[in-house]
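Let's walk through this one together, starting with what the database record says and then turning to a pair of helices.

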Amino acid sequence: MGKAYADLAVVRGRHAAALGVLAWHHGPVTVLQDSPFVRACRGLPGPHTPVWFMRQAGRSLPEYRKIRQGVGMLESCRRPDLVTEITLQPVRRHNVDAAIFFSDIVVPVAAAGIDLDIVAGTGPVVAEPVRTEADLARLRPIVPADVDFVTEAVRLLVAELGATPLIGFAGAPFTLASYLIEGGPSRTYLKTKAMMYGAPELWNALLARLAEITLTFLRVQIDAGVSAVQLFDSWAGALSEADYRRFVMPHSAAVLNGLIDAGVPRIHFGVGTGVLLEAMGEAGADVVGVDWRTPLDEATRRIGPDRAVQGNLDPAILFAGWDVVERETRRVLDQGKAAPGHVFNLGHGVMPETDPDILTRLVALVHEVSGS
Ligand code: CP3
């Protein structure tokens with residue numbers, strides 16, 4: 001397997017533009033190395049700063065709310081027809097430079113045998129939280145067939161998207177563990193941290209299992225044709241740098257380094273991670289996602305000159321009127337120039353109450369201001 005991936009990476013790099021479509025293990029894989037998005041991830045110049053939004057697919061769009069009526073969140077993630085339509089909705093509307101695969105971070109752990117649901121307005125809720133050795137046994141490794149609906153949806157999407165890259169994603173071991181241990185969303189991560197500090201062997205076994213599941217899940221998406229992957233460690237900002245490096249980073253690094261030979265850019269994102277940015281880059285990322293708290297030029301000083309950045313307009317600014325949006329967007333674009341590559345995004349996901357027309361205008365503004 002390793003050799004095949006390595007060969008592909010070479011072919012992708014050298015002949016991507018000429019070949020366009022390559023035959024790979026399981027079928028045709030569209031190679032989009034020359035898209036503005038992939039070029040920025042690699043620190044290469046492009047025609048404009050690429051832009052997409054975390055949570056661009058979802059509740060800010062009336063067409064999303066309509067198609068989801070009467071269909072549970074997990075069920076919609078498992079139906080390739082719905083996944084395809086929902087993923088395409090924001091691409092059609094906003095002219096973004098990348099699509100993000102519609103799914104959720106808990107989809108692979110559900111496939112691994114954990115009984116859970118995604119409750120509207122709350123988030124993932126786990127029926128029996130994972131807190132002991134015996135609980136850990138319920139979390140088995142996954143094989144690609146466990147998520148065949150993902151393979152099918154990615155293939156459908158890649159065919160539909162043409163020149164627009166598709167971003168695959170997964171939750172990072174720490175953020176996934178927080179849902180499994182707490183049983184649902186948490187403000188304090190009390191039980192999570194109690195296991196991390198108090199039962200480090202169990203903690204490491206749990207995070208290693210989650211890293212294994214996550215790596216398989218991302219490989220499935222890459223095999224099916226995504227052009228980049230994003231590892232969401234959304235809640236890692238709850239940790240100090242020392243604890244992140246000791247208890248979390250090795251497991252995230254196992255995922256990210258396990259994908260080096262796959263030949264697609266790896267984005268690593270978390271919220272409230274100002275003090276972790278350097279470590280999150282070191283964990284193995286081509287692009288470090290930055291929330292709105294740290295200006296991108298400052299972020300680049302911390303991360304170092306070898307990695308691109310993604311971010312970081314505060315999603316709340318979209319509620320402050322167009323003049324403010326325009327001023328702050330210009331600031332973010334300006335500060336992003338300090339990095340070798342900049343992918344414009346919000347500092348976290350689109351809020352459900354956001355006016356979708358503002359997002360459409362914002363994409364046009366980013367393209368206009370950054371275009372040569
Ligand atoms: O457009 C996209 O970004 C793709 C879709 C996507 C979803 N979840 C769909 C979703 C992505 C990338 C995710 C990742 C995800 N899921 C993360 C990491 C990103 C982040 O926000 O930091 C996390 C922490 C989760 C867990 C989760 N799932 C939460 C916290 C929630 C929100 C709860 C709520 O309803 O407010 C969910 C549910 C969820 N995931 C929704 C969507 C569109 C809302 C469910 C619905 O529409 O009924």
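A word on the annotations: UniProt positions appear in the numbering used here, with feature names shortened, and annotations may be inferred rather than shown by experiment. This is a predicted model, where local features need pLDDT of at least 70, side-chain atom pairs count only at pLDDT 80 or more, and totals for chains, interfaces and linings use all residues. Residues are numbered from 1 along each chain as its sequence is written, and side-chain values use heavy atoms, leaving out hydrogens and water.

In UniProt, the unreviewed entry's "domain: Uroporphyrinogen decarboxylase (URO-D)" covers residues 50–59 and 167–183. Helices (H or I, at least four residues) and strands (E, at least two) are DSSP runs, numbered from the N terminus. On that basis residues 50–59 are 0% helix and 0% strand, with end C-alpha atoms 23 Å apart. Residues 167–183 come out at 59% helix and 29% strand, their end C-alpha atoms being 28 Å apart.

The same unreviewed UniProt entry lists a "binding site" that includes Arg59, Asp104 and His348. The listed residues spread over 294 residues of sequence and, in space, up to 22.7 Å between C-alpha atoms. As for Arg59, look in the loop between α2 (36–41) and α3 (62–67).

Now for the helices: α5 (residues 80–94) and α8 (residues 148–161) pack at about 40°, axes 9 Å apart. Axes are lines fitted to C-alpha atoms, for helices over the stretch in contact, and angles run from 0 to 180 degrees between N-to-C directions. Among the residues making the contact (heavy atoms within 4.5 Å) are Val83 and Leu88 of α5 and Phe149 and Leu156 of α8.
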